[in-house]
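Trainee: I am new to this structure. Please take me through a close look at a single part of it, and then show me what lies around that part.

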Amino acid sequence: MGAIDWSKSPKPSNTTISFSFEWAMKNLSSGIHPTLPTKQTLKHQGDRLEIPSAAARCEWDFSLSTVVSSSANAAVSDALGSIEFDPSNTVVATGGIARKIRIYSLNSLLPEDNIQLLTRGEQIDTAFLDHVNACSFYICTPAKLSSLRWRPGSGGRLLGSGDYDGVVMEYDLERKLPVFERDEHGGRRVWSVDYSHWDPFVGASGSDDGTMQMWDPRCGGEGGECVAKVQPAAARSSVCCVEFSPFGDSLIALGCADRMAYAYDVRKMVEPLHVLEGHTKTVTYVRFVDAQTMVSAGTDGCLKLWKMSDCGLIRTCKGHVNSRSFVGLSVWRHGGLLGCGSENNQVFVYDKRWEEPICARGLEPMARPGFGHAFVSSVCWRQVQEDHCTLLAGGSDGVLQVFVGTKIS
């Protein structure tokens, strides 16, 4: 998402301002758990659910398969703020500072020959590609991009984005044109966008204006009808991340600059169901690990796993460096692995069972004029059930790298 100094995060506040509509009850009453749990707020001191475990064991061997970079003479910043696999896990979209959405076929980034060699336990040669030749096509955008997300139910045709001008847009990738635009955050930067996993699909965005807004693109005119709007902190602290639960329930999680993570039931957004308090600096990412567990990342250099039933802290993962920038967070749910970037230009992989990283790999440095210290700014796992895994990492220097992990027998 780019670099920003979160070293002076505002103090936490439990005040919530909410606007709710009848839409949620009319549209989301079926197919979701019928009961609403009570609000849970626990601090990590004294309520810690630390589970003693043996030292972290790495059950995976990671190899660098592909490096994709721009011309060494390129003078424009190309920091990658977002990487997303499409629902089929065969197409990749990237976006960032360069005002471009690039679309790649996975076959161009990860040759099948490399996978076969790795599964046989053989070494592979890293392929070095140029963005111009590697990507299938690109779409120019009017502003720098902070977030991308594929819209469910579109067959991989519609891609949503949030940008630095506070606008949410959807692009039709077949026509290579924008087909939806929503400018309701007062021009304040949109850090994150996501879509629900139930039908009808609704979108959500989190912004520097201190609000998370949900909208229904089917109605309400060109920008869709706003169906809910929450301001988690009275101080209007930035909402840095939003994510709907992918497990069929009605939860949406937020990460905020007030050092808190929140979870709301979209059918009753008067107040949060869960307030996760434990980070000492801005919460930059929240992700659902499984139906009972969530992970949050902060600029305090920690990943924290939470038990959703009572907001108890399961464990804190440390090892990567993160004090001021968005460095990415992704969960490979089939394998229980967490991936994140680091300000020392390394990719870190954690197993959800242990506190320490099981792997740390440095991104290949690409010397470019005018670019100083590089860091990993985005990561994304491929969500497939296989005996090997794929992790993509993007850098603040615009370099995209593909890592493949094979299970150690």
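**A close look at one sheet**

Mentor: Start with one pair of residues. In strand β7, Phe128 is the bridge partner of Val67. Keep in mind that this is a predicted model.

That pair belongs to a wider link. Strand β3 covers residues 60-69, and four bridges join β3 to β7. These two strands run parallel. In general, strands of a sheet pair through backbone hydrogen bonds, either parallel or antiparallel.

Now widen the view to the sheet. Five strands make up an open sheet, in the order β7-β3-β31-β30-β29. The pairing in this sheet is mixed. Look at its edges. They are formed by β7 (127-130) and β29 (376-381). Each of these has a single partner strand, so one side of each is left without a neighbour in the sheet. From one strand to the next, the twist averages 25°.

Strand β29 leads to another feature, the largest pocket. About 790 Å³ of space lies in this pocket. Its lining counts 39 residues. Closest to the centre are Glu84, Arg149, Glu243, Arg333 and Gln383. Several elements give two or more residues to this lining, among them the edge strand β29. The others are β4 (80-85), β9 (145-150), β13 (190-195), β17, β21 (283-290) and β25 (329-332). As for residue types, the pocket lining holds 19 nonpolar, 12 polar and eight charged residues.

Pick out β17 from that list. This strand spans residues 239-244. Six of its six residues are buried, so β17 is largely enclosed by the rest of the structure. Its partner is β18, residues 251-256. Five bridges join the two strands, which run antiparallel. Within this pairing, Phe244 stands opposite Ile252 of β18. The two strands form a hairpin with six residues between them. There, Gly248 takes a positive phi near 85°.

Next, compare the pocket with an enclosed space. The count comes to one cavity of 30 Å³ or more. The volume of the largest cavity is about 40 Å³. Its lining consists of Phe62, Val347, Val349, Cys359, Arg361, Leu391 and Phe403. Two elements give two or more residues to this lining: β27 (346-351) and β28 (357-362). Six of the lining residues are nonpolar, none is polar and one is charged.

One more residue is worth a stop. Thr94 sits in strand β5, residues 91-96. With a relative accessibility of 1%, Thr94 counts as buried, because the cut-off for buried is under 20%. Set aside its neighbours within four places in sequence. Thr94 is then in contact with Leu80, Ser82, Ile83, Lys100, Ile101, Arg102, Tyr104, Leu148 and Leu400.

Finally, step back to the whole protein. There are four helices and 31 strands. Of the 409 residues, 58% are buried. Consider the contacts with a separation of 6 or more. Residues 24 or more positions apart account for 59% of them.

To retrace the path, return to the sheet. The bridge between Val67 and Phe128 lies in the parallel pair of β3 and β7. At the other edge stands β29, which gives residues to the lining of the largest pocket.

Note on methods. Residues numbered from 1 in each chain as written. Predicted model: local features only at pLDDT ≥ 70, side-chain atom pairs only at ≥ 80, totals over all residues. Heavy atoms only, no water. Buried < 20%, exposed > 50% of the residue type's maximum accessible area, 1.4 Å probe, protein only. Pairing = 2+ DSSP bridges. Axes fitted to C-alpha atoms, helices over the stretch in contact; angles between N-to-C directions. 1 Å grid on protein atoms, 1.4 Å probe; cavity = no way out; pocket = protein on both sides within 12 Å on 5 of 7 lines; lining within 4 Å. Points joined across faces, edges and corners; volume = space filled by probe spheres on them. Nonpolar A, V, L, I, M, F, W, Y, C, P; charged D, E, K, R; others polar. Contact = heavy atoms within 4.5 Å.
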